[in-house]
Amino acid sequence: ANQGPGFAPTAALVALLEITPKSTHQGLGGTFCDRCEALLRKGCAEAEIPLPAPALDALVRFHAGGDSEKAIASFNELASRASEDERTPSEGSLVGMLGAAGESENPDLAETILNWARDAGRCTVPVLGAAVKALANGTRSEAILSVASQLEELPALQLDTTLYGQLIKLAVKAGKKDLAQSLYNRSNNPDAHNTANLIRACGQAGDLSGALTLLDDLHKRGAAEVTSFNSALDAAVCLGDDAAVERLLKQMREEKVLDAVSFNILLKRCGPGAAGAKRADDLLRQMQAAGFDPNISTYNSLLGTAIASGDMRRVWSLVDVMEAGPGVDAFTLSTLFKGQKAKRGNIEASEFDRTLALFQKHHIKVDEVLVNAAVEACTVLRDNSRLSATLELIRRSGWNLTRHCSMHTYATLIKAYGMTSQLSMARKLWAEVSSRSTPPSEQLFAQMVDVLVSNNCFDDAVQLFDELKLTHGSRGLGSNGFVVAWAMLIRGYARHKECS
């Protein structure tokens with residue numbers, strides 16, 4: 001293609017772009033893709049024709065995993081062709097691009113595609129299904145629920161039970177009981193799983209009567225399962241209706257649908273303190289007598305209660321039992337670290353070290369909650385050597401920040417890297433979060449200003465403070481984040497002896 005005009009046919013360059021996303025693991029991609037795109041754009045400009053739709057599709061999928069802005073720009077360029085050709089982009093193209101967004105954990109791109117498809121009347125069942133897969137695992141379900149709330153206006157969307165179930169689950173997770181109920185009513189034959197999700201929604205909304213009515217209706221149809229009963233039991237326990245709990249337990253025993261999850265739910269009733277611990281131990285014996293072995297979730301529940309009571313002897317006794325039995329998981333460690341953080345000035349370094357040793361010993365699969373809990377506990381401890389060791393352990397675990405991670409997580413890690421004088425890492429994280437479609441919050445700005453001031457980068461801190469004012473304008477001037485950033489700058493001026 002570099003040997004002269006016309007040497008590389010347009011179709012050949014399009015083909016190369018189409019295979020590039022599938023070949024990045026073989027060493028292609030990056031510069032290769034950029035060269036193909038540049039040559040193709042040059043050729044199309046000389047021929048006065050637009051970039052072919054397949055090439056733009058390929059660019060969206062390629063950039064989905066790297067440069068989100070380029071991916072969205074390529075999609076917008078592709079979508080602009082719809083006015084000239086209503087078949088562009090095709091349903092298959094939309095599904096493929098959403099799949100790439102999901103695999104790359106790129107919610108900004110997925111939302112852009114779904115919103116366009118909705119507004120353009122191109123949101124078919126396969127497109128909505130692909131969007132659910134791309135967005136459901138993160139915290140960015142607003143676009144999906146927006147489509148779900150408009151189903152009455154989209155009669156062409158005939159969803160199956162599975163997709164209805166996914167939408168109901170998302171609505172419940174978002175606390176939208178009315179939407180969950182509407183979706184449930186629209187599904188022609190709601191199954192036990194969908195009903196269980198709606199029962200949870202009723203419980204969250206404090207509507208125990210609605211939850212029990214749903215269970216009763218399901219039972220009359222002969223479709224009630226243990227999940228449905230447990231959802232109703234959880235609602236009754238959380239809402240403190242002891243009479244309803246006892247009625248459900250009696251029914252569940254008669255129908256032989258009690259399981260380990262049922263006993264785990266009942267543990268929530270035991271309460272804190274020595275009396276609560278005794279009730280929990282009695283319940284464990286009942287659980288084992290019924291033929292169910294306590295699992296990790298069982299012990300995690302007991303652990304949380306013991307920590308809330310400040311009974312550290314019982315906490316570590318439970319951890320010993322877990323290590324000898326079902327094991328520990330990320331939730332176990334998060335609970336331990338959060339309990340240590342809550343102690344503030346009374347945190348014991350030995351307890352932190354023991355928890356960190358569990359991290360290493362059991363090869364825990366790290367998640368965002370555990371990262372925040374571990375780093376925040378160590379920050380309270382104010383021991384930079386332990387903090388550095390914790391950050392290194394997280395790095396070696398293979399956990400990476402994704403686009404789904406919250407700004408709170410970025411703030412926690414930026415603060416930690418600042419405290420350990422790893423300024424390059426703090427700057428790297430700031431660059432990542434600043435490239436998002438949503439600007440950093442005032443609190444995150446304040447945290448980065450603090451890091452820059454603390455690491456003697458005062459000029460950069462002043463520049464970032466100016467950026468905070470430009471980004472959030474007058475509405476941010478009264479926020480706690482702005483006040484903190486302002487206070488950090490005053491400290492910096494004092495340190496530089498610029499009192500005027």
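Let's start in a loop: isoleucine 347 sits between helix H19 (330-342) and helix H20 (349-361). This is a predicted model, and in it isoleucine 347 is buried, with a relative accessible area of 11%. What does isoleucine 347 touch once residues up to four places away in sequence are set aside? The partners are Gln340, Ala377, Val380 and Leu381. One of these, valine 380, is 33 residues away along the chain, yet its C-alpha atom is 7.9 Å from that of isoleucine 347.

**The overall picture**

Zooming out, the protein has 500 residues, and 47% of them count as buried. The secondary structure is easy to sum up: 27 helices and 0 strands. As for how the chain meets itself, take the contacts between residues at least 6 apart in sequence: 63% of them join residues at least 24 apart.

How confident is the predictor? The average pLDDT is 84, and 89% of the residues score at least 70. Residues 1-8 fall below 50, and that stretch has 6 contacts in the model beyond near neighbours in sequence. Residues 24-29 also stay under 50, with 5 contacts beyond four places in sequence.

**Two helices and what packs on them**

Helix H7 (residues 125-135) is a good one to look at next. Of its 11 residues, 8 are buried, so H7 is largely enclosed by the rest of the structure. The buried set is Val127, Leu128, Gly129, Ala130, Ala131, Val132, Ala134 and Leu135. Those residues pack against helix H5 (91-103), helix H6 (107-119), H8 and H9.

Helix H10 (residues 177-186) has a sidedness to it. Its buried residues are Leu179, Ala180, Leu183 and Tyr184. Why do they count as being on the same side of H10? Because they cover an arc of only 140 degrees around the axis. The general geometry helps here: an α-helix has 3.6 residues a turn, so residues three or four places apart point the same way. On the face of H10 turned away from the buried side you'll find the exposed residues Asp178 and Asn185. The cover over the buried residues of H10 includes helix H8 (142-148), helix H9 (161-173), helix H11 (192-204) and helix H12 (208-220). H8 and H9 therefore turn up in both places, packing on the buried residues of H7 and covering those of H10.

**Two more buried residues**

Is serine 262, in helix H15 (residues 260-266), buried or exposed? It counts as buried, at 0% relative accessibility. Leaving aside neighbours within four places in sequence, serine 262 is in contact with Asn230, Leu233, Met252 and Val257.

Glutamate 111 belongs to helix H6, one of the helices that the buried residues of H7 pack against. At 15% relative accessibility, glutamate 111 counts as buried too, the cut-off being under 20%. Its C-alpha atom lies 10.0 Å from that of isoleucine 72, a residue 39 places away along the chain.

**Empty space: a pocket and a cavity**

Rolling a probe the size of a water molecule over the atoms shows where empty space is left. The count of cavities of 30 Å³ or more comes to 1. Here is the largest cavity beside the largest pocket:

| Space | Volume | Lining residues | Nonpolar / polar / charged |
|---|---|---|---|
| Largest pocket | about 590 Å³ | 25 residues | 9 / 7 / 9 residues |
| Largest cavity | about 100 Å³ | 16 residues | 8 / 6 / 2 residues |

Which residues lie nearest the centre of the largest pocket? They are Asn400, Leu401, Lys428, Leu429 and Glu432. Helix H4 (68-79), helix H22 (384-396), helix H23 (407-419) and helix H24 (423-434) each supply at least two residues of the pocket lining. H22 gives the largest share, with 5 residues.

For the largest cavity, the lining residues closest to the centre are Ala277, Leu302, Thr305, Ala306 and Arg314. Helix H16 (273-289) and helix H17 (296-309) each supply at least two residues of that lining.

Note on methods: Residues are numbered from 1 along each chain as its sequence is written. This is a predicted model: local features need pLDDT of at least 70, side-chain atom pairs count only at pLDDT 80 or more; totals for chains, interfaces and linings use all residues. Side-chain values use heavy atoms; hydrogens and water are left out. pLDDT is the predictor's confidence in each residue, from 0 to 100. Contact means heavy atoms within 4.5 Å. On a 1 Å grid over the protein atoms alone, a cavity is a set of points where a 1.4 Å probe fits but cannot get out, and a pocket is an open set with protein on both sides within 12 Å along at least five of seven lines; lining residues have an atom within 4 Å of a point. Grid points are joined across faces, edges and corners, and a volume is the space filled by probe spheres set on the points. Helices (H or I, at least four residues) and strands (E, at least two) are DSSP runs, numbered from the N terminus. Ala, Val, Leu, Ile, Met, Phe, Trp, Tyr, Cys and Pro count as nonpolar, Asp, Glu, Lys and Arg as charged, and the others, Gly among them, as polar. Buried means under 20% relative accessible area, exposed over 50%, partly exposed in between (1.4 Å probe, protein chains only). The arc is that of the directions from the helix axis to the C-beta atoms.
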